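This briefing is intended as a guide to the structure shown below. Please keep the sequence and the model in view while reading.

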Amino acid sequence: MARKRLVLKDPGRFSDPASLTWERYVAMQARERERYMAERAAISQDALNYKTVSPQYLERAVDQFANNYYSELSATHYVATAAANAPFDELKKCALFQLADEQRHLEMDREVFERAGIPERDWLAAWEAPGTTCRFFRHLLELEDTIEILVKGNFVAEGAAGPGTFTVLADGAEARGDVLSAINHRARIRDETRHISYGRALVKALIDDDPGNLDTIQEWQDESLRLFAEVARGGERRAWWEGFLASYYKIALPLGLRPSF
Ligand SMILES: [Fe+2]
Ligand SMILES: [Fe+2]
């Protein structure tokens, strides 16, 4: 069956909520980098080299590290596809800046794996194990349509995994002595918030353009959240899952979408 496609008939309805230009983007990321480097400089060498966390923490954290690293790695691929196939320039620009952001996040997460001393041959197995977000991201990687990718990836997935869950992850890591993960999650929140807001602006534009688009967006939401639900199975990640749904519904319900479960 051919996949449903949505078209924004009037592209003028979408504009980048962050009003970025190349000039502004580069200046903003230079400031972000300065802030990040200052936070990182305050971390002791022992903490930076994972000497201050317990061996049990590292054993359990491998799954989380894989969830972070491979979702960012996936994002560098599906956002590149979204940029390449973008139906109009304003959307392409947003996707291209996001692509640069995701590359930066990917490098931060690679550093965590490396400093924690986890051999690269173990990374993929942790990602492919049951209970990760792998299924969702593999689905996104099969898509080619820009609008479907951005609705599912930015609006649904980042909308859900955005501010709420990254704060939970940052606080949890910090409490266990993993300060590098904590500053990485906090650094990422600011970019992810921008990705969510242009995803939200796109969804809003699609609904204003044609209220009938809401049905397809609802289907894309249901499909995405079902692929994520696996992560919550078994109850281990209950707090994560609840924060995840709550973050997402906060932006989705006001636009007329319904809860999936
Ligand atoms: Fe990211
Ligand atoms: Fe992102």
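Are Glu158 and Glu192 buried or exposed? Both of these residues are buried. The model is a predicted one, and the points below describe its iron ions, the helix contacts around them and two further positions.

**The iron ion (ligand 1)**

- The protein donors of the iron ion (ligand 1) are Glu72, which is listed with two OE atoms, Glu102 (OE), His105 (ND1) and Glu192 (OE).
- These donor atoms lie 2.0 to 2.6 Å from the iron ion (ligand 1).
- Along the sequence, the donor residues follow the spacing E-x29-E-x2-H-x86-E.
- Distant parts of the chain are linked by one pair of these donors: Glu72 belongs to helix α3 (residues 55–84) and His105 to helix α4 (residues 89–115), and the two are 33 residues apart.
- Glu72 has a relative accessible area of 5%, so it counts as buried, because the cut-off for buried is under 20%.
- His105 is likewise buried, with a relative accessible area of 0%.

**The iron ion (ligand 2)**

- The iron ion (ligand 2) has as its protein donors Glu102 (OE), Glu158 with two OE atoms, Glu192 (OE) and His195 (ND1).
- The distances from these donor atoms to the iron ion (ligand 2) run from 1.9 to 2.8 Å.
- The donor residues are spaced E-x55-E-x33-E-x2-H in sequence.
- Glu158 is found in helix α7 (residues 146–161) and Glu192 in helix α9 (residues 179–209), so this pair ties together parts that are 34 residues apart in sequence.

**The two ions together**

- The iron ion (ligand 1) and the iron ion (ligand 2) are separated by 3.5 Å.
- Glu102 forms a bridge between them, as it coordinates both ions.

**Packing of α7 against α9**

- The axes of α7 and α9 are 8 Å apart, and the helices pack at an angle of about 125 degrees.
- At this angle, α7 is oblique to α9.
- The crossing of α7 past α9 is left-handed.
- On the α7 side, the contact is made by Ile147, Leu150, Val151, Asn154, Phe155, Glu158 and Gly159.
- On the α9 side, the contributing residues include Glu192 and His195, together with Ile196, Tyr198 and Leu202.
- Sorted by class, this contact has nine nonpolar, four polar and three charged residues.
- Glu158 and Glu192 therefore appear both in this helix contact and among the donors of the iron ion (ligand 2), and they lie in α7 and α9 respectively.

**Packing of α3 against α9**

- The axes of α3 and α9 come within 13 Å and cross at roughly 35 degrees.
- This crossing, too, is left-handed.
- Phe65, Asn68 and Glu72 of α3 meet Ser181, His185, Arg188 and Glu192 of α9.
- The residues of this contact divide into one nonpolar, three polar and three charged.

**Two further positions**

- Arg35 is located in helix α1 (residues 22–41).
- The relative accessibility of Arg35 is 38%, so this residue counts as partly exposed.
- Arg35 and Ala187 are 152 residues apart along the chain, and their C-alpha atoms are separated by 8.7 Å.
- Phe88 is situated in the loop between α3 and α4.
- With a relative accessibility of 12%, Phe88 counts as buried.
- Leaving aside neighbours within four places in sequence, Phe88 is in contact with Leu8, Pro11 and Phe14.
- Phe88 and Pro11 are 77 residues apart in sequence, and from C-alpha to C-alpha they are 7.0 Å apart in space.

Definitions and conventions. Residues are numbered from 1 along each chain as its sequence is written. Chains are lettered from A and ligands numbered from 1 in the order in which they are written. This is a predicted model: local features need pLDDT of at least 70, side-chain atom pairs count only at pLDDT 80 or more; totals for chains, interfaces and linings use all residues. Side-chain values use heavy atoms; hydrogens and water are left out. Donors are N, O and S atoms within 2.8 Å of the metal (3.2 Å for Na, K and Ca); water is not among the atoms, so sites may look incomplete. Helices (H or I, at least four residues) and strands (E, at least two) are DSSP runs, numbered from the N terminus. Buried means under 20% relative accessible area, exposed over 50%, partly exposed in between (1.4 Å probe, protein chains only). Axes are lines fitted to C-alpha atoms, for helices over the stretch in contact, and angles run from 0 to 180 degrees between N-to-C directions. Angles under 35 degrees count as roughly parallel, over 145 as roughly antiparallel, 65 to 115 as roughly perpendicular and the rest as oblique. A crossing is left-handed if the near helix is turned anticlockwise from the far one by less than a right angle, and right-handed if clockwise. Contact means heavy atoms within 4.5 Å. Ala, Val, Leu, Ile, Met, Phe, Trp, Tyr, Cys and Pro count as nonpolar, Asp, Glu, Lys and Arg as charged, and the others, Gly among them, as polar.
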